[in-house]
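User: I would like a close look at one part of this model, together with the elements that surround it. Please give a single connected account.

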Amino acid sequence: MIFDTHAHYTDGRFDSDRDALLSSMRGKGVGLIMTLGDNLKESRAALEIARRYPFVYAGVGVHPSDIAELDDEKLDALRSLAADEKVKCIGEIGLDYYWNDNAPREVQMNGLRRQMALARSLSLPVVIHDREAHADSMSIVREFPDVRGEFHCYSGAAEDAKELVKRGWYLGFGGATTYKNARRALEVIAAVPLERILVETDCPYLAPEPFRGRRNDSSLVSEVVKKIAEVRGLSADEVERATYENGKRFFNIDDRGRLK
Ligand code: NI
């Protein structure tokens with residue numbers, strides 16, 4: 001059974017067949033799905049999807065690309081959404097210095113800090129997006145020693161990964177691990193305890209090989225599981241079982257609603 005720990009089923013690319021696609025997950029080896037909001041509107045929509053499907057859970061948060069919208073009112077709205085029992089994390093939040101039209105670094109860092117503080121007050125884990133912002137992301141993690149979280153699509157060095165593991169954090173890996181330039185991610189996968197690895201799609205983005213460029217969905221996490229199994233010298237079954245349990249533990253999910 002697979003736990004896709006990072007999906008965006010609110011994305012417009014699922015508008016034409018969202019319900020049919022989610023209903024089809026039965027029989028494709030997918031047991032649980034975490035769908036994440038990138039802004040307040042998407043966070044509301046993510047929760048709506050999670051309420052409709054017992055095997056889907058939601059994260060609420062404002063992504064660095066939308067961080068300019070995060071004011072006191074929106075933070076309160078996130079807090080109210082997070083009170084729902086289907087919301088299991090604050091995410092997707094983080095820092096993204098790749099895109100020039102994103103908000104200035106200080107604005108992004110303050111927005112991340114406010115959402116880390118929200119997660120702390122709610123005792124929820126966080127899901128971090130870190131693109132070209134690794135040093136600042138790590139320094140904010142260190143500012144909040146009592147917040148646990150995950151770096152999704154982890155792109156940092158093995159040394160930082162080990163520090164995150166020591167701090168109780170998890171590392172998420174998706175389709176990018178199957179690409180030709182994945183050497184660094186594979187080194188990290190080999191260097192951290194299996195118990196701290198989560199698998200994800202980031203769908204509709206980042207479809208794994210041999211489906212790269214197509215719309216991604218949770219059924220394709222199996223390609224990521226295969227890659228991790230290869231790197232760790234384990235069977236795909238063992239990796240699937242371990243990462244499923246890791247996801248349940250990380251998000252504090254009991255899986256009565258899982259697909260069978
Ligand atoms: Ni994402």
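The request concerns the metal site and the elements linked to it. Which residues coordinate the nickel ion, and which elements do the buried residues of α8 pack against?

Analyst: The model is predicted, and the description below starts at the metal and moves outward.

The nickel ion is held by four residues: H6 and H8, each through NE2, E92 through OE and D202 through OD, at 2.1 to 2.2 Å. Along the chain these donors follow the spacing H-x1-H-x83-E-x109-D. The site therefore links distant parts of the chain, as the pair H6 and E92 shows: H6 belongs to strand β1 (residues 2–7), E92 to strand β4 (residues 87–96), and 86 residues separate them. Both H6 and E92 are buried. As for geometry, the angles subtended by the four donor atoms run from 84 to 174 degrees, which makes the arrangement irregular. A tetrahedral assignment would require all angles to lie between 85 and 135 degrees.

Strand β1 leads from the metal to helix α8, for the buried residues of α8 pack against β1, and also against β7 (170–173), α7 (183–191), β8 (197–199) and α9. Those buried residues are V221, E223, V224, V225, K227, I228 and A229. Helix α8 covers residues 221–232; at 1.5 Å a residue its 12 residues should span 16 Å, and because its end C-alpha atoms are 17 Å apart, the two values agree. Just after α8 comes G233, with a positive phi of about 70 degrees.

Helix α9, one of the packing partners of α8, takes in residues 236–251. Its 16 residues should span 22 Å at 1.5 Å a residue, and the end C-alpha atoms are 22 Å apart, which agrees. The buried residues of α9 are V239, E240, A242, T243, Y244, N246, G247, K248, F250 and F251. N252 follows α9 and has a positive phi, near 55 degrees.

Aromatic side chains provide a further connection. The count of aromatic pairs comes to nine. Among them, Y170 and F250 form a tilted pair, 4.9 Å centre to centre with 50 degrees between the planes. Y170 lies in strand β7 and F250 in helix α9, so this pair ties together parts that are 80 residues apart in sequence. Y170 has a relative accessible area of 4% and is therefore buried; F250, at 0% relative accessibility, also counts as buried. The two residues belong to one aromatic cluster with F3, Y244 and F251.

Another aromatic pair joins Y53 and F55 in an edge-to-face arrangement, 5.6 Å centre to centre and 65 degrees between the planes. Y53 and F55 are both buried.

Finally, a residue in helix α2 merits description. S43 lies in α2, which comprises residues 40–52, and counts as buried because its relative accessibility is 0%. A polar atom of the S43 side chain lies 2.7 Å from the backbone oxygen of N39. Beyond its neighbours within four places in sequence, S43 is in contact with G37, D38, G59, V60, G61, L78 and L81.

To return to the request: the nickel ion is coordinated by H6, H8, E92 and D202, while the buried residues of α8 pack against β1, β7, α7, β8 and α9.

Notes
Residues are numbered from 1 along each chain as its sequence is written. Side-chain values use heavy atoms; hydrogens and water are left out. Helices (H or I, at least four residues) and strands (E, at least two) are DSSP runs, numbered from the N terminus. Buried means under 20% relative accessible area, exposed over 50%, partly exposed in between (1.4 Å probe, protein chains only). A polar contact is a pair of N or O atoms within 3.5 Å; within protein, one must be able to donate a hydrogen and the other to accept it, and residues adjacent in sequence count only if both atoms are side-chain atoms. Contact means heavy atoms within 4.5 Å. Donors are N, O and S atoms within 2.8 Å of the metal (3.2 Å for Na, K and Ca); water is not among the atoms, so sites may look incomplete. Four donors count as tetrahedral if all angles lie between 85 and 135 degrees; four count as square planar and six as octahedral if opposite donors are over 155 degrees apart and all others between 65 and 115; anything else is irregular. The expected span of a helix is 1.5 Å times one less than its number of residues. Rings of Phe, Tyr and Trp (its six-membered ring) pair if their centres lie within 6.5 Å; planes under 30 degrees apart count as stacked, over 60 as edge-to-face and the rest as tilted.
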